[in-house]
Each structure stands twice: as C-alpha cells, then as structure tokens.
Amino acid sequence: MRKLCLGTVGVLSMTLLIASVALLVARVLQKAVELQVRQETVLKNGTELFEMWEEPPPPVYMQFYFFNLTNPLEVVQGEPPIVREVGPYTYREHRLHVDIHFLDNGTKVSSLNPKSYFFEPEMSVGDPEAHLIRTINMPALVAMNMATATPMRFPAEILLILYDENLFTTRSVHELLWGYTDKLLSALHKFRPSIDPDFGYLKKMNGSDDGEYIVLSGEKNYLDFTRIVKWRGKDSLDWWTSPTCNMINGTNGDTFHPLIDTGETLYVFSSDFCRSMHLTFQKYVTVEGISAYRFSPPEMLFANSSVNPDNAGFCVPAGNCLGAGVLNISACNQGAPIFLSPPHFYLSDDKYVQDIDGMHPNKEEHETYLDINPLTGVLVRAARRMQINAYVEKLPDFIQTGNIKTMFFPVFYINESVVLDKASVAKLKTVLLETAVMTSVPYIILALGVIFGALFVALVCKPLRAREEASEDERAPLIRTS
C-alpha cells in the first residue's frame with residue numbers, strides 16, 4: 001500500500017511538472033487569451049465595445065492657457081514681447097459618433113464625430129467672459145497679409161485707421177475662443193460676402209464635426225481596428241508637398257488595436273494638426289492600478305528637414321522650411337498665418353523660446369503622451385498638447401506693424417486630457433483579472449507539481465530518517481553479555 005502511494009505521488013508530480021512546462025513553452029493559454037481578444041476587438045452593432053466607441057464614457061477636458069501681452073507698444077517698436085501665462089480655462093468635451101453606417105459587409109464603418117464644450121468653473125481660474133487678454137489682432141493681421149503689395153493695400157489701411165485697429169487687441173477669453181463680431185471683418189464682408197464678419201479660434205468647433213470618417217472595423221485584421229482609411233471622402237491630404245506628409249495614417253487617437261508591443265510605432269491622424277503623426281514607446285506606467293505603456297511623439301517628429309528629411313514635405317510654400325517644432329497650418333486655415341508648436345515651444349528651435357520673454361518649456365507640463373493598456377488597447381490616460389502661434393513681421397505697407405521683429409507670437413495652448421472613469425476602470429480590471437487567472441494556470445500547475453514532488457521526497461526519506469533517529473536502547477542487541 002505504501003509503495004502504491006509513493007508511486008502515485010511521484011507520477012502525479014512528474015505529470016504536473018511536465019504539463020506546466022509544456023504549457024509555458026507552447027504559450028497555449030496565452031495564445032487562447034490573445035485569440036479571444038482579437039476576435040472580440042471588432043466594431044459590431046450591439047456589442048459593448050461598439051457602445052463605448054459610439055459614446056466614449058471617460059470625460060475629456062480641454063484646458064486653455066492664454067499668453068497675455070504686457071508691453072504692446074514696446075513690441076511694435078522692436079522690443080521682445082513679455083507675456084504672462086493665464087489659465088487654465090477648462091471645458092468638458094462631449095463627443096459622439098453619429099450617422100453611423102456599416103460598409104463592405106461590416107469591414108468598414110463611416111461616421112461623424114461632433115463635439116460640444118461645457119465650461120467647468122471649478123477647474124478654471126476665473127470667468128472666461130470677464131477675463132480679458134491682450135494678444136495678436138488676428139483679423140487685422142490676416143487683412144494686412146492679404147492686402148500687402150496688392151491694389152487692396154490702400155483701402156485696407158484706410159479701414160484699419162477708420163476702425164482704430166492695431167496689431168494687438170484686448171478681448172475676453174470667451175470672445176477669443178468662441179467668437180465675436182469684428183468691425184474690420186464686418187466692413188470687408190460688405191465688399192466680399194464670403195468673408196465671415198465673426199472671428200474666434202474655435203468658433204465653428206462647438207457643436208459641430210470635422211467631416212466624415214471611414215474606418216476599418218477590425219473584422220479582417222485586429223491590427224486595423226478603427227484605422228482611418230478616408231476623411232472627408234479622401235484617402236490622403238492635399239496641403240503638403242510630398243505624398244508621405246499627405247498620408248492619412250492611424251486612428252483618431254481615441255482607440256487602438258489590442259496586444260500592443262513596446263517595439264511598435266503608433267500612428268494618429270489629427271485634423272486639428274492638419275497631419276498624421278507617430279508615437280513611440282517611452283516607459284511603463286501604472287494608472288489607477290492598471291499597467292500601461294506610455295507612447296509619445298519622438299523628438300525627430302518635430303525636427304527640421306535638415307535633420308529629418310521626411311519633414312521636407314511640410315515646408316510650405318515649397319522650400320520654405322522652418323526651424324524645429326513649428327508647423328505652418330495656414331493652408332488648412334483659409335490662409336490665416338497660424339502656426340502650431342508644442343506648448344512654450346517645447347522640443348522646438350531655441351530661437352523661438354528666446355524671442356519671447358515668458359516661455360518656460362518643460363517635459364512634464366508640455367509633452368503629448370498616450371498611456372495605453374497593452375492587452376486591450378484601451379486608452380487609460382492621455383494628454384494632447386499644442387500651441388497656437390501667429391507669424392508676425394514688419395509690413396512696410398502698414399504702419400500698424402511699426403518696427404516689430406519677425407517672430408512666432410504665442411496666442412494660447414491647449415491641454416486636452418482624459419483619464420479612464422471609475423466605472424470603466426472597474427470593468428477593465430475585471431477583464432485583466434480574468435485573463436491573469438487564465439494565463440496563471442501553468443504556474444499553478446507548476447506549483448502543485450513542486451508540492452507533490454516535495455511530498456514524494458519526504459515520504460521516501462521518512463523511513464531512513466526514522467532509523468537514523470532511533471534511540472541507543474532501540475539500536476542495542478536483544479542479548480547482552482556483561
């Protein structure tokens with residue numbers, strides 16, 4: 001009976017050890033989990049994933065930081081601008097996917113993505129309708145740029161003088177963001193009805209969409225989940241001077257495919273940036289107890305064309321290449337001299353920082369990043385940051401520009417941030433716990449094998465130890481001679 005028990009324990013131990021090693025080497029359960037994740041990562045009507053894509057639950061916040069100019073007269077005379085950062089003015093962003101249609105047997109999905117903004121006073125420094133900001137007079141700047149060296153120069157100068165328009169203006173935060181009726185634009189509207197009498201940097205963004213998107217559902221390949229194939233009916237852009245720069249790559253930055261690897265390059269298309277961009281792995285992070293990979297744009301993305309030749313296509317007009325970190329988006333903003341950069345010219349040419357008194361670039365506050373759970377591809381935290389700048393220079397035809405130095409004048413920067421809400425965190429933790437338990441089965445089997453192996457050794461060695469530990473009287477012979 002004892003030998004039978006020893007044999008059973010020994011065989012069981014060896015079987016468990018061999019099974020666990022085989023499962024670990026073959027990654028059977030890991031592959032099963034990955035297969036399940038791939039099969040479930042598809043946009044299908046009626047699924048929980050589709051509902052989360054249709055109306056994303058995590059709140060998105062848009063924070064605006066303005067640069068208030070303190071020395072306008074000196075700037076026109078050629079002195080460097082002195083600006084003071086004011087903010088944040090925070091708005092909660094509500095986004096949806098509407099007018100949804102499934103195309104090509106469910107392999108593609110078309111939709112519109114309208115966004116609405118609601119002011120959050122508790123997360124702001126004050127009332128945007130009461131706080132005034134002195135900044136560049138964009139309507140006047142646009143008018144001067146359009147009219148300089150043309151027959152419209154003299155009429156434009158008369159209108160500027162008549163309406164007392166200068167290179168700088170003072171407006172409320174609300175007016176600068178969401179719009180106001182401008183006297184100069186109203187006068188120009190009478191001569192050219194196509195000119196909008198109202199101006200605001202985000203005037204047409206509240207409650208509207210940026211065009212139709214067609215994305216892949218992930219039905220054919222999980223790596224293509226929500227990857228954009230067309231925007232506004234086109235599969236490429238036409239603002240830039242090279243096919244590479246005009247490519248529409250990646251998702252919109254809200255969703256990503258699952259099973260992400262640290263060696264991957266993630267692509268995102270942003271209509272606000274007027275381009276696609278890529279992000280690479282930076283470090284491991286933990287958000288609300290959930291492990292994530294942090295991806296951020298590499299420094300090469302912002303490099304000038306001499307360092308990164310791929311960026312030569314962003315030199316518009318052709319050959320007009322800028323320093324690192326600045327992108328001319330006037331072509332996709334009706335010709336307005338608007339240039340994008342990271343906040344405070346972070347990762348930009350040092351000249352742009354030195355031109356403005358008040359720039360303090362740093363990684364923690366000004367870097368764009370995405371924190372993504374690698375198994376599910378769920379975005380658990382993100383911050384998208386960009387700065388709106390105006391290109392200003394002396395225009396001899398207009399006295400309003402005086403002797404101003406050529407520069408990129410910072411108007412404001414945006415911090416668009418999101419953190420997974422509590423309900424979504426709980427759901428994601430449940431999913432991750434289930435997969436962790438499933439993928440831990442080989443280790444549990446291995447542990448049981450080790451335990452049974454130890455029990456087998458203990459049972460085998462027990463009689464030997466018993467004999468060795470017997471008392472001296474027990475080991476003495478039964479018949480003793482004196």
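Trainee: Is Thr251 buried or exposed?
Mentor: This is a predicted model, where local features need pLDDT of at least 70 and side-chain atom pairs count only at pLDDT 80 or more, while totals for chains, interfaces and linings use all residues. Residues are numbered from 1 along each chain as its sequence is written, and side-chain values use heavy atoms, with hydrogens and water left out. The classes are buried for under 20% relative accessible area, exposed for over 50%, and partly exposed in between (1.4 Å probe, protein chains only). Thr251 has a relative accessibility of 6%, so Thr251 is buried.

Trainee: Where in the chain is Thr251 found?
Mentor: Helices (H or I, at least four residues) and strands (E, at least two) are DSSP runs numbered from the N terminus. On that basis, Thr251 falls in the loop between β11 (228-231) and β12.

Trainee: Which residues is Thr251 in contact with, leaving aside neighbours within four places in sequence?
Mentor: Contact here means heavy atoms within 4.5 Å. With the neighbours within four places left aside, the partners of Thr251 are Phe225, Thr226, Arg227, Ile228, Phe256, Tyr267, Val268 and Phe269.

Trainee: Arg227 is in that list; which residue does Arg227 meet in a salt bridge?
Mentor: A salt bridge needs a side-chain nitrogen of Lys or Arg within 4 Å of a carboxyl oxygen of Asp or Glu. Arg227 is partly exposed at 32% relative accessibility. The N to O distance of this bridge is 3.1 Å, and the partner is Asp224.

Trainee: How many residues apart in sequence are the parts that Arg384 and Asp272 tie together?
Mentor: These two side chains form a salt bridge, with 3.0 Å between the closest N and O atoms. Arg384 lies in strand β18 (residues 379-392) and Asp272 in the loop between β12 (265-270) and β13 (275-287), so the separation in sequence between the parts they tie together is 112 residues.

Trainee: Which residues are linked with Arg384 and Asp272 in a network of salt bridges?
Mentor: Both are partly exposed, Arg384 at 21% and Asp272 at 23%. The network also holds Glu93, Arg95, Asp254 and Glu416.

Trainee: Which helix holds both Lys351 and Asp355?
Mentor: The two form a salt bridge whose closest N and O atoms are 3.0 Å apart. They sit four residues apart, about one turn of the helix, within residues 350-355, and that helix is α9.

Trainee: Why is helix α5 described as largely enclosed by the rest of the structure?
Mentor: The buried residues of α5 are Met138, Pro139, Ala140, Leu141, Val142, Ala143, Met144 and Ala147. Helix α5 covers residues 138-147 and is largely enclosed because the buried count is eight of ten.

Trainee: Which strand gives the most residues to the largest nonpolar core?
Mentor: A nonpolar core is a set of buried Ala, Val, Leu, Ile, Met, Phe, Trp, Tyr and Cys residues joined through side-chain atoms within 4.5 Å. The largest has 99 residues, and those touching the most other members include Phe64, Ile136, Met138 and Phe412. With eight residues, the top contributor to this core is strand β19.

Trainee: How are the rings of Phe64 and Tyr91 paired?
Mentor: Rings of Phe, Tyr and Trp (its six-membered ring) pair if their centres lie within 6.5 Å; planes under 30 degrees apart are stacked, over 60 edge-to-face, and the rest tilted. The structure holds 29 such aromatic pairs. For Phe64 and Tyr91 the centres are 5.8 Å apart and the planes are at 80°, so the pair is edge-to-face.

Trainee: Which strands do these two rings tie together?
Mentor: Both residues are buried, Phe64 at 0% and Tyr91 at 4%. The parts are 27 residues apart in sequence, and the strands are β1 (residues 60-69) and β2 (residues 83-95).

Trainee: And what is the angle between the planes of Tyr213 and Trp231?
Mentor: Tyr213 is buried at 10%, and Trp231 is buried at 5%. Their rings form a tilted pair at 6.3 Å centre to centre, with a plane angle of 40°.

Trainee: Which ring has Arg294 over its face?
Mentor: A charge sits over a ring if NZ of Lys or CZ of Arg is within 6 Å of the ring centre and within 35 degrees of the ring normal. Arg294 is 3.8 Å from the ring centre, and the ring belongs to Tyr369.
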